[in-house]
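Here are my notes for you as a newcomer to this one. Have a look at the picture, then read the points in order.

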Amino acid sequence: MSFSGAESFRKSSPVDTEWIERELSAFLERARSQEESRPIVCVTSGGTTVPLERNCVRFIDNFSKGTRGALSAEQFLKARGMVHCAGYSVIFLSRTGSLLPFLSECQEDMATAFSVSGPGELQVSALAEALRTFHSCTEDPGTFLHVPFTTVFEYVQYLEVIARRLASHGRLALFYLAAAVSDYYIPWAEMVEHKISGAGPLVLELQKVPKLLGELTSVWAPHATVVSFKLETDEEVLLTKAKAAIQKYGVDAVLANELHSRKERVTLLVRAGEGRAAPIHCSVLRLDPSAPPGSVIEEQLVGAVVDLHRQRSRR
Ligand code: PAZ
């Protein structure tokens with residue numbers, strides 16, 4: 001497989017990765033003392049932006065607020081699925097300003113609390129409680145590392161740095177890729193330096209972002225367990241595209257969701273065996289309508305992924 005497109009995409013934009021190398025080294029050093037009991041997951045979350053100018057004033061964005069990633073990270077921190085597992089250590093690669101584990105509900109309340117249509121409900125005691133939970137679940141050194149990104153260039157390069165460093169953890173490393181990554185971008189070389197003039201219509205020519213999943217599974221972290229997400233708005237094409245991600249890029253599983261029903265129903269597709277041509281097993285995960293208030297489908301998603309990770313880690 002040729003990755004020349006991916007190489008030129010990465011080289012097309014200057015991104016500082018030194019700080020994350022340093023943060024990762026410190027995090028992995030601290031995590032080492034607990035690696036017997038705490039496997040590591042990299043959760044990606046939120047949407048990437050596509051800048052239109054080098055000195056960026058305008059950019060293309062997408063809908064994702066990072067709810068899925070934040071709620072899933074909570075579940076991983078609490079997960080006790082693997083032998084003697086005290087929960088996962090989480091590297092949270094998320095969009096700057098998007099939702100955070102344990103705080104997402106308060107962040108959403110805060111966004112409406114000052115709305116012009118009247119004050120929403122912002123419970124200060126709930127915020128304090130959420131902060132306490134966040135701290136108690138992440139205070140052990142080596143338990144939680146937040147790596148914020150904004151642009152698609154940062155996302156891809158940070159993911160590569162994390163993957164290459166986690167490669168030494170072999171199958172014990174898990175990738176749970178819930179971020180909504182841009183499909184199109186403007187190469188740095190073709191981007192204007194300054195703010196685009198507002199005079200007249202604007203015509204943009206965007207290039208396809210190369211698919212990086214294949215590189216993750218075969219070059220960056222070939223022994224890790226990789227679970228990606230697939231989002232579509234047309235149910236007819238959802239499963240076909242999700243299967244293609246397994247067959248083309250060799251990921252271990254895909255969680256396929258449709259935009260409007262994504263909080264109630266997600267299909268899990270698992271590669272049952274080695275190699276891209278292995279059979280694929282499908283199961284549908286649903287949020288039980290009679291589940292207690294506050295229940296979220298991420299409990300099931302993460303439960304299923306932890307089981308899969310346990311099986312893969314034993315091979
Ligand atoms: O961030 P959110 O909770 O609003 O949405 C989650 C999601 C739909 C972005 C995620 O479940 C997903 O499908 N991510 C992959 C999108 C894709 O590139 O197909």
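The points below start at the ligand and work outward to the sheet and one loop residue.

1. A word before anything else: this is a predicted model. Please keep that in mind as you go through the rest.

2. Start with the ligand's surroundings. There are 14 residues around it, and those that come nearest are Ser 64, Gly 66, Arg 68, Leu 231 and Asn 257. If you want a quick way in, click on these five names first.

3. What sort of residues make up that shell? By class, the count is 6 nonpolar, 4 polar and 4 charged. So much for the overall mix; the individual contacts come next.

4. Oxygen atoms of the ligand turn up in a few polar pairings. With the side chain of Asn 257, the distance from a ligand oxygen to an N or O atom is 2.8 Å. At Leu 231 the partner is a polar backbone atom, and a ligand oxygen sits 2.9 Å from it. Lys 65 also offers a polar backbone atom, this time 3.5 Å from an oxygen of the ligand.

5. How much of the ligand does the protein bury? On its own the ligand exposes 470 Å², and 91% of that is buried by the protein. Two elements give two or more residues each to the shell: α3, residues 67–78, and β9, residues 225–232. Of these, β9 supplies the largest share, with 3 residues.

6. Now follow β9 into the sheet. The sheet is open and has 8 strands, ordered β5-β4-β1-β6-β9-β10-β11-β12, with mixed pairing. At the edges are β5 (144–149) and β12 (280–286), each of which pairs on one side only. From one strand to the next, the twist averages 15 degrees.

7. Which strand is joined to β9 by 4 bridges? That is β6, residues 173–177, and the two run parallel. For a spot to look at along this pair, find Leu 177, which stands opposite Ser 228 in β9.

8. Last, a residue in the loop leading to β9. Ala 224 lies between α7 (213–220) and β9. Is Ala 224 buried or exposed? Its relative accessible area is 9%, and because buried means under 20%, Ala 224 counts as buried. Ala 167 is 57 residues away from Ala 224 along the chain, yet their C-alpha atoms are separated by 6.8 Å.

Note on methods:
Residues are numbered from 1 along each chain as its sequence is written. This is a predicted model: local features need pLDDT of at least 70, side-chain atom pairs count only at pLDDT 80 or more; totals for chains, interfaces and linings use all residues. Side-chain values use heavy atoms; hydrogens and water are left out. A residue is near a molecule or strand if one of its heavy atoms lies within 4 Å of it. A polar contact is a pair of N or O atoms within 3.5 Å; within protein, one must be able to donate a hydrogen and the other to accept it, and residues adjacent in sequence count only if both atoms are side-chain atoms. Accessible areas come from the Shrake-Rupley method with a 1.4 Å probe; for residues, only the protein chains shown count as cover. Ala, Val, Leu, Ile, Met, Phe, Trp, Tyr, Cys and Pro count as nonpolar, Asp, Glu, Lys and Arg as charged, and the others, Gly among them, as polar. Two strands pair if DSSP finds at least two bridges between them. Axes are lines fitted to C-alpha atoms, for helices over the stretch in contact, and angles run from 0 to 180 degrees between N-to-C directions. Buried means under 20% relative accessible area, exposed over 50%, partly exposed in between (1.4 Å probe, protein chains only).
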